[in-house]
Amino acid sequence: MIQYEYSAYNCAFLFRLRGSVFPFACLVAFPCTLAATLLKSFGTYHDLDLSDFALLAEGSSGAWSGFNFLVGFVIVFRTSQAYTRFWNALSDTHQMMAAWLEAASSIVAFSRSSPSDPLLVENWLHTVIRLFSLLSASALQELTDVAYHHTWGLPTLDASAIDPQSINTLDASSCRVDLLYHWIQQFVCDGIQLGILTTPPPLLNRTFFELAKGMDKYQDAMKHSKIAFPFPYAQTTLMLLIFHWILTPLVMVQWTNTVLGSAVFTFVQVFTLWCLNATAVGFERPFGGDENDIDHIELQMTMNKSLINLMEPRSRRLPFIPASTFLDIDVLRKRDTIHSAALHQEGWELKDLDTAGFWKGAVLQSLCAFCSCRCRSKRANTHRSMIAVSTRYSSKRYCVIDGQRTAVLTVGIVGSELCLALPALPNDSRSTFGVLNVNGQQCTLRAKRIPIQQRHLLTKAPDPAWNEDYLDFPPDYNFAAEVLAKACDTQRGSRAVVKQEEAEGEEEAKVVLERKSRRTRRPKRQAMEKNWLLRLW
């Protein structure tokens, strides 16, 4: 599914062609626009008698208005139904994944109090988690219409660790989702028998309930995926569009006085209706694998990450309050957030780097209070100089930014982003800025911004596997925290993403899957467009 930023002042996505219905609608509207232009040109400049093409009496527009209303109503109603179908499919898929994730989480939680051998419990848990990953992958594989994924499947959590006989049984089965659902239920029952799950049955019943709820949502999603839109309605819609496509040039030639007016009004009417119809056709296949359809690969990747998070040792460790904590009701009333508590522990403090600029922005904001859009822009400028600086956290760290191994200096937090200083590149001067080090020497750095949650991916020491193959600062690049923050305030840099080495492999696998699936569905899409044009002509 295409992600885009929509606001009252952002119109850049209007010219985006990837995933747009504009090219197809323009291709359909161009022939009838050309026909209207030629007819009006011959009638204006070559004395062609256009009365032979007149379908309506002069001054009577009721028949055409009624026909236009009928076509518009049919198309809009189909688009509304198609969007409802798409949204229900998306909701059912997310609820299916959430139910199965909740069941997996309950199983991991219930196994904590097991008196059995820890190695037996871990082996049992790892097997169940792999089965949950296979369950979600098989469900999404059945829902999607991409032929490549029906053959090669979707990424799962180390499915090759399962015994070969079970893998062959699952691969040969025509009901993989039902088989995996049955296997997980049997594993839970075996866990009860082996003493791994000692939770009281009324509580353990919640796991079976969530598994069944996920299967119900899977069947609802299959209904939206496999049952086509009613054929008579789709056939009637296409026939009405063809009639409208043929009649519009003839009517516009009669009703307009200029060649330009005939071409413009013909193009706008045909283009709009075919855009809406193409949108409805795309919504009717929510798992078709196109750019605007439900991204089943991303859903499976998210499910895998959530399952891995359940098995992470850091996630399975429970939080606690130290014994030295002063327990009092007044202390309990303190309002705080976990994020601010973590930032305060790291030593982040909010600094105002430009007091004059701050008050100037506040005065300008009060003067333009009558205009909301101007207020928003001035409010953004007001907080531009406010930055959180940490003397303990601002040290050299290491990470992979935009696929490049490098050392970084943490400058400060601005809004929801962490500003970083990177070593300058020889041929890149777009995001560079100058700053004085502790010895008073001028140094050149490069600025980047990352989401604040990704600061945990910055390590204090480089990865030994890098073998010193990364960008690093010269030895004399030592800076005071506030001096570096003031210098970086003038050059915030571009947005970047921090990735781990393992995450890069997952992203590459996702890119490869998307490319292969595009290759398989591109001929199918071209054949569909060819059929549309053949039906039209």
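**Exercise 1.** In this predicted model, decide whether K448 counts as buried or exposed, then place its salt bridge with D402 in the chain.

*Solution.* Start with K448: its relative accessibility is 13%, and buried means under 20%, so K448 counts as buried. Next, look at the contact: the closest N and O atoms of D402 and K448 are 3.8 Å apart, which fits the 4 Å limit for a salt bridge. Now the placement: D402 sits in the loop between β3 (396–401) and β4 (404–414), while K448 belongs to strand β7 (residues 442–451). That puts the two 46 residues apart, a link between distant parts of the chain. Finally, check the partner: D402 is partly exposed, at 48%.

**Exercise 2.** Work out how R206 and E210 are arranged in helix α7, and which network they join.

*Solution.* First, the distance: their closest N and O atoms are 3.0 Å apart, and the pair forms a salt bridge. Then the spacing: both lie in helix α7 (residues 201–226), four residues apart, so about one helical turn separates them. Compare the accessibility: R206 is partly exposed at 41%, whereas E210 is buried at 1%. Last step: E102 joins R206 and E210 in a network of salt bridges.

**Exercise 3.** Explain why C275 has no disulfide to C26.

*Solution.* Take the cut-off: the two sulfur atoms must be within 2.5 Å. The closest cysteine sulfur to that of C275 is in C26, 7.0 Å away, so it is too far for a bond. C275 itself counts as buried, at 9% relative accessibility. Across the structure, the disulfide count is zero.

How values were computed: Residues numbered from 1 in each chain as written. Predicted model: local features only at pLDDT ≥ 70, side-chain atom pairs only at ≥ 80, totals over all residues. Heavy atoms only, no water. Buried < 20%, exposed > 50% of the residue type's maximum accessible area, 1.4 Å probe, protein only. Salt bridge = Lys/Arg side-chain N within 4 Å of Asp/Glu carboxyl O.
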